[in-house]
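Colleague: Please take a close look at the aromatic rings of this model. I am new to the structure, and I should like to see how the rings fit into the whole.

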Amino acid sequence: MFNMPKNFTSTTTTTLSPDYYVLQDYEYEEDIYKIVFNISTRTNLSLQIATLLVNLLHLFVLLRKELRSFAIYIFMIGICISDILTNSLDFTNAAAEIMWIPILFSGSGEMSCLREDYLEINIGGQLVNTFLDISRRLSVWLAILMASIRLLTVIFPMSRRVQNISKPKGAVITLIICIAFWVVFCTWQFALYRVFWLPDNPSRICLGMFKNLITPRYVLAAPESLPGAMSHWGFIEVIMKFAAAIIYPFLTISLLMALRTVKKKRQNLQKKDSDSSDNTTILILFMTITFMLSEGFAGVEALLLYNIERILRKNEDLGNAILAAQYPISILRTVNALSHPFVCFLLSSQYRDAVRGIFVGKRKVKKTEFTRSTSNIRSKATTTTTSF
């Protein structure tokens with residue numbers, strides 16, 4: 001994540017210099033970006049607190065036996081855990097940035113005395129950022145997989161392979177493969193890291209002028225050339241984010257077209273079955289659309305940020321606006337994660353029954369289900385009698 005440009009932060013002085021009023025006018029011109037940053041960050045932090053609380057309850061419901069035996073809810077469990085990790089880690093970073101909480105992994109605060117061809121790594125900060133990257137990507141691509149599998153089941157309803165993937169066992173295997181892929185994708189550079197015993201690998205500056213800073217300790221380090229290599233890897237990051245923004249609308253349109261075709265063939269099926277299938281489809285479609293909105297803007301933003309240096313050279317105001325836009329976009333991602341439990345409750349009768357089983361009790365839920373099934377049987381009998 002890019003930080004706000006240095007001219008976004010105001011400096012305080014104890015004495016009024018002759019340039020004070022010029023500096024004041026300059027800060028006033030840049031206030032729009034500071035306002036966007038402050039309002040967006042604080043709004044997002046408040047929403048993240050609500051998202052964490054709601055999704056913890058959401059996870060508790062999803063882990064119930066009556067839900068985790070369905071493939072769609074297995075994917076929802078993965079998305080929910082990813083959302084919890086993403087928002088908690090992102091909250092830690094952003095809250096520390098505006099000094100709501102202390103910085104957890106600020107480093108030693110001293111000059112690194114490690115040899116010049118390696119860069120010292122802040123282990124805590126590296127772990128937080130790595131888990132944040134993995135969880136954020138998992139949330140996006142699990143939603144894509146869920147929509148893709150739903151599309152395949154609609155297009156190929158008789159395929160054994162598709163049916164196996166859509167079963168709980170197939171969903172678990174797909175979930176594990178997806179997690180493994182993104183773990184490798186986000187951690188491959190760790191193979192280049194090395195651990196040094198600092199007194200044996202000091203820099204020439206510390207060895208000559210700052211020997212008192214050389215303290216015996218192990219240091220995790222990366223090659224000095226790695227940041228340059230990672231800048232080229234950043235183009236692949238842009239492709240991955242932009243691909244997600246393109247795949248979402250493609251899946252949505254394809255699923256709608258497939259459902260329109262299948263709907264004509266389902267006219268002889270019972271209304272209850274079609275309603276249940278439609279609710280599941282609406283649930284996936286709604287999640288796909290909300291992901292498309294949040295990740296679509298994020299994909300465009302990633303493409304612009306990849307070229308931010310060129311944009312700043314040509315038009316500084318436009319570059320600053322792009323840098324500031326990432327903060328409102330982060331609100332869309334948080335709102336997307338916050339909406340999942342409410343969408344499940346509104347569109348899934350199985351989810352509502354699971355919630356009712358927690359707060360009402362299993363016996364009352366069973367009585368309600370028995371009464372509901374009895375009334376359905378009576379209505380079917382009445383319909384059959386009248387038709388004859």
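Modeller: Helices (H or I, at least four residues) and strands (E, at least two) are DSSP runs, numbered from the N terminus. On that basis the protein has 14 helices and three strands. This is a predicted model, in which local features need pLDDT of at least 70 and side-chain atom pairs count only at pLDDT 80 or more, while totals for chains, interfaces and linings use all residues. Residues are numbered from 1 along each chain as its sequence is written, and side-chain values use heavy atoms, without hydrogens and water.

Of the 388 residues, 39% count as buried, that is, under 20% relative accessible area, with exposed meaning over 50% and partly exposed the range in between (1.4 Å probe, protein chains only).

Now to the rings. Nine aromatic pairs are found in the whole structure; rings of Phe, Tyr and Trp (its six-membered ring) pair if their centres lie within 6.5 Å, with planes under 30 degrees apart counted as stacked, over 60 as edge-to-face and the rest as tilted. One of the pairs joins phenylalanine 181 and phenylalanine 185, which are stacked at 6.1 Å centre to centre with 25° between the planes. Both belong to helix 7 (residues 168–187), and because they are four residues apart, about one helical turn separates them. In general, an α-helix has 3.6 residues a turn, so residues three or four places apart point the same way. Phenylalanine 181 is partly exposed, at 46% relative accessible area, whereas phenylalanine 185 is buried, at 10%.

A further pair is formed by tryptophan 197 and tyrosine 218: with ring centres 4.7 Å apart and planes at 55°, the pair is tilted. Tryptophan 197 lies in strand 2 (residues 194–197) and tyrosine 218 in strand 3 (residues 218–223), so this pair ties together parts 21 residues apart in sequence. Tryptophan 197 is partly exposed, with a relative accessible area of 33%, and tyrosine 218 is exposed, with 62%.

The two phenylalanines of helix 7 also take part in a wider group: Trp141, Phe181, Trp182 and Phe185 form one aromatic cluster.

Helix 7 is also one of the elements that give two or more residues to the largest nonpolar core; the others are helix 2 (31–62), helix 4, helix 5 (123–155), helix 9 (226–265) and helix 13 (349–359). A nonpolar core is a set of buried Ala, Val, Leu, Ile, Met, Phe, Trp, Tyr and Cys residues joined through side-chain atoms within 4.5 Å. This core has 45 residues, of which Leu62 and Tyr351 touch the most other members. Helix 5 provides its largest share, twelve residues. Tyrosine 351 brings the account back to an aromatic residue: in contact (heavy atoms within 4.5 Å) with it are His58, Val61, Leu62, Leu67, Tyr73, Pro341, Cys344 and Phe345, leaving aside residues up to four places away in sequence. Another core, of nine residues, lies apart from the largest one and includes Leu114, Phe196, Cys206 and Ile214.

Among the contributors to the largest core, helix 4 (residues 71–97) has 27 residues. Of these, 21 are buried, so helix 4 is largely enclosed by the rest of the structure. Methionine 99, which follows helix 4, has a positive phi, near 65°.

Definitions and conventions:
The expected span of a helix is 1.5 Å times one less than its number of residues.
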